[in-house]
Amino acid sequence: MSTLKKVIWPQIILFGDSITQFAFQANGWGSEISHKLARKCDVVNRGLSGYNTRWAKIVLPRIVPISDAPLAAVTVFFGANDCALEDKNPAQHVPLQEFTDNLKDIVKYLLSVGVSNDKIIFITPPPLQEAAWEKECLLKGSALNRLNSVAGQYAQACVQAAGQSGVDVLDLWTLMQKDGQDFSVYLSDGLHLSDKGNQFVAEHLWTLLERRVTDLPFILPYWGDVDPKCPESSLLCD
């Protein structure tokens with residue numbers, strides 16, 4: 001009896017901090033992307049709550065590649081922790097230049113394991129709603145430890161690093177504040193995404209992902225195409 005050829009789903013890896021880790025919650029942006037790609041691609045969540053790029057760079061070789069499955073895309077979504085104020089949150093803070101260098105190093109590593117530039121997408125931190133986030137900080141017994149203006153500096157550094165590395169970037173910090181709109185509706189606590197924020201990320205990220213996955217085939221036959229008299233002839237063919 002001949003050995004059956006395994007069916008291998010291509011993968012999209014979501015690599016980031018808590019905003020990625022929570023992306024598969026109800027109405028999460030990762031869930032939405034995964035739903036769009038059912039039977040075409042596995043969307044793998046590798047979000048690490050609280051992590052910055054310094055730590056991400058260290059653990060990345062333990063995460064990618066996951067398997068022999070081909071990678072359709074990798075998102076790199078950091079900065080919300082790196083931009084923490086050094087005097088208020090030194091454990092998570094990463095200096096701006098180091099943040100930039102870390103992002104470039106992440107790209108270099110991905111390239112070294114066969115992930116091409118056109119499959120890498122940076123995502124900037126979203127804007128910070130300081131009043132709401134300050135309430136969260138006070139509940140934990142600390143002072144406000146992030147500022148929107150500083151988050152913007154890290155977002156701009158992310159955009160520049162993407163350009164210098166030849167990868168795409170989704171600039172959430174700028175898009176969510178476009179035309180002076182009230183960006184607080186996109187945030188649940190001033191930092192993390194609300195349902196509207198998750199929808200915003202999913203819609204804008206899909207515009208970047210769609211061309212990368214448009215040619216992926218539907219995996220295994222549609223049920224209506226299976227020969228009911230001899231299903232093996234439909235289900236065991238390449």
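P65 is found in the loop between α3 and β3, and the peptide bond that leads into P65 from V64 is cis, with omega near 0°. That makes a handy starting point for a tour of this predicted model. The chain holds nine helices and five strands, and the notes below go from the whole chain to its helix pairs and then to single residues.

**The chain as a whole**

- Starting at the N terminus, the elements follow the order β-α-α-β-α-β-α-β-α-α-β-α-α-α.
- If you draw a box along the principal axes, the C-alpha atoms fill roughly 70 × 35 × 35 Å.
- Of the 238 residues in the chain, 47% are buried.
- Take the contacts with a separation of 6 or more: 76% of them join residues 24 or more positions apart.

**Helix α8, a good one to find**

- Helix α8 covers residues 195–213 and has a kink of about 40°, centred on T207.
- Several residues of α8 are buried, among them F200, V201, L205, W206 and L209.
- The buried residues of α8 also include G197, N198 and R212.
- What do these buried residues pack against? Their partners include the strands β1 (11–16), β3 (71–77), β4 (120–123) and β5 (168–170).
- The helices α2 (29–36) and α7 (172–175) are also packed against by the buried residues of α8.

**How α2 meets α8**

- Two packed helices are described by the angle between their axes and the distance between the axes.
- For α2 and α8, the angle is about 40° and the axes are 8 Å apart.
- An angle of about 40° is neither under 35 degrees nor in the range 65 to 115, so α2 and α8 are oblique to each other.
- The crossing of α2 past α8 is right-handed.
- On the α2 side, the contact is made by W29, E32, I33 and K36, while α8 brings N198, V201, A202, L205, W206 and L209.
- Sorted by class, the residues of this contact of α2 with α8 are seven nonpolar, one polar and two charged.

**How α3 meets α4**

- Helix α3 spans residues 53–63 and helix α4 spans residues 96–112; their axes come within 9 Å and cross at roughly 15°.
- Angles under 35 degrees count as roughly parallel, so α3 and α4 are roughly parallel to each other.
- This time the crossing, of α3 past α4, is left-handed.
- From α3, the residues in the contact are T53, R54, K57, L60 and P61.
- From α4, they are E98, F99, N102, L103, D105, I106, Y109 and L110.
- The contact of α3 with α4 has seven nonpolar, two polar and four charged residues.

**Single residues to look up**

- S18 sits in helix α1, which covers residues 18–21.
- Is S18 buried or exposed? Its relative accessible area is 5%, and since buried means under 20%, S18 is buried.
- Leaving out residues up to four places away in sequence, S18 touches L48, S49, G50 and H192.
- N27 lies in the loop between α1 and α2, and N27 has a positive phi of about 65° although it is not a glycine.
- With 56% relative accessibility, N27 counts as exposed, because exposed means over 50%.
- D179 lies in the loop between α7 and α8, and D179, a residue other than glycine, has a positive phi near 60°.
- At 77% relative accessibility, D179 counts as exposed.

Notes. Residues are numbered from 1 along each chain as its sequence is written. This is a predicted model: local features need pLDDT of at least 70, side-chain atom pairs count only at pLDDT 80 or more; totals for chains, interfaces and linings use all residues. Side-chain values use heavy atoms; hydrogens and water are left out. The bend at a residue is the angle between axes fitted to the seven residues ending there and the seven starting there. Helices (H or I, at least four residues) and strands (E, at least two) are DSSP runs, numbered from the N terminus. Buried means under 20% relative accessible area, exposed over 50%, partly exposed in between (1.4 Å probe, protein chains only). Contact means heavy atoms within 4.5 Å. Axes are lines fitted to C-alpha atoms, for helices over the stretch in contact, and angles run from 0 to 180 degrees between N-to-C directions. Angles under 35 degrees count as roughly parallel, over 145 as roughly antiparallel, 65 to 115 as roughly perpendicular and the rest as oblique. A crossing is left-handed if the near helix is turned anticlockwise from the far one by less than a right angle, and right-handed if clockwise. Ala, Val, Leu, Ile, Met, Phe, Trp, Tyr, Cys and Pro count as nonpolar, Asp, Glu, Lys and Arg as charged, and the others, Gly among them, as polar.
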